[in-house]
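Hi,

Here is the structure I promised to pass on. Have a look at it first, and then read on for what I found in it.

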Amino acid sequence: MIPQKVRKVIYDGENDIVYIAFSNQNNSYGDDISENIIIRHDWDNDEITGVTIQNFMKLLNCQSAEMEQLPVAIDFETAVLPFCTE
C-alpha cells in the first residue's frame, strides 16, 4: 500500500459516506473497487487523488475485509475519524 497524506475529509453522517481527498480532484474519475469503495484517479497521470467510502462507520467498526482492498494506506484514526461527527 502507498501511504497518502490526507488533505481534506468530508463526512456525510446521514448517509455514512466519507470523502477523502489527497490532492485536487477537479480532473478525476472514479473507479469502483468494491460495492462500497470508489478510488478517484487523475485523468492525466492516473495518480490516486482520493477515496469515497460508503457505509464507512459500519465497515470500519466491523473491520471489514473490504477496507483491506484500499490501494493506499490511510491513518483513519488520526486523519479521518476526527472529521466524522454528525
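To start with the overall make-up, the protein chain has two helices and seven strands. Going along the sequence, these elements come in the pattern β-β-β-β-β-β-α-β-α. Please keep in mind that this is a predicted model.

On overall dimensions, the C-alpha trace spans about 35 × 25 × 20 Å along its principal axes. The radius of gyration is 12 Å, which agrees with the value near 12 Å that a compact globule of 86 residues would have. Of those 86 residues, 40% count as buried. The accessible surface of the chain is about 5400 Å², and carbon and sulfur atoms account for 45% of that. As for contacts, if you take those between residues at least 6 apart in sequence, 46% join residues at least 24 apart.

Now the sheet, which is where I spent my time. Which order do the strands take? The open sheet has five strands in the order β2-β3-β6-β5-β4, and the pairing is antiparallel. β2 (8-12) and β4 stand at the edges with a single partner strand each, so one side of each has no neighbour in the sheet. On average, neighbouring strands here are turned by 15° against each other, ignoring direction.

Walking across the sheet from the β2 edge, the pairings go like this:

- β2 and β3 (residues 17-21) are antiparallel and share five bridges. Within this pair, Y11 has V18 in β3 as its bridge partner.
- β3 and β6 also pair in the antiparallel sense, over five bridges. Here A21 stands opposite G50 in β6.
- β6 (residues 48-54) and β5 are joined by five bridges, again antiparallel. Two of the contact points to look at are I38, whose bridge partner in β6 is T52, and H41, whose partner in β6 is I48.
- β5 and β4 (residues 28-32) run antiparallel with five bridges between them. In this pair, G30 has R40 in β5 as its bridge partner.

Two of these connections are hairpins. The one from β4 to β5 goes through four residues. The one between β5 and β6 has five residues between the strands, and D46 in it takes a positive phi near 65°. That residue is worth a click when you have the model open.

How covered are β5 and β6? Strand β5 (residues 37-42) is mostly covered, with five of its six residues buried. β6 is mostly covered as well, with six of its seven residues buried.

One residue I followed up in more detail is I48, which is found in β6. I48 is buried, at a relative accessible area of 17%, where the cut-off for buried is under 20%. Apart from its neighbours within four places in sequence, I48 is in contact with F22, I39, R40, H41, P71 and V72. So H41 turns up on that contact list as well as being the residue that has I48 for its bridge partner. R40 is also on the list, and R40 is the bridge partner of G30 over in the β4 pairing. For a sense of distance, the C-alpha atoms of I48 and N24 are separated by 10 Å, while the two residues are 24 apart along the chain.

Last, the cysteines. How many disulfides are there? The count comes to zero. A disulfide is a covalent bond between the sulfur atoms of two cysteines. Why is there none for C62? The closest cysteine sulfur to that of C62 belongs to C84 and lies 15 Å away, which is too far for a bond, given that a disulfide needs the two sulfurs within 2.5 Å. Seen from the other end, the sulfur of C84 has that of C62 as its closest, at 15 Å, so a bond is ruled out there too. As for their surroundings, C62 counts as partly exposed because its relative accessibility is 48%, and C84 is buried, with a relative accessible area of 9%.

That is what I have for now. Over to you.

Cheers

Methods
Residues numbered from 1 in each chain as written. Predicted model: local features only at pLDDT ≥ 70, side-chain atom pairs only at ≥ 80, totals over all residues. Heavy atoms only, no water. Buried < 20%, exposed > 50% of the residue type's maximum accessible area, 1.4 Å probe, protein only. Pairing = 2+ DSSP bridges. Axes fitted to C-alpha atoms, helices over the stretch in contact; angles between N-to-C directions. Rg over C-alpha atoms; globule rule 2.2 N^0.38 Å. Contact = heavy atoms within 4.5 Å. Areas by Shrake-Rupley, 256 points an atom, 1.4 Å probe, with all protein chains shown as cover.
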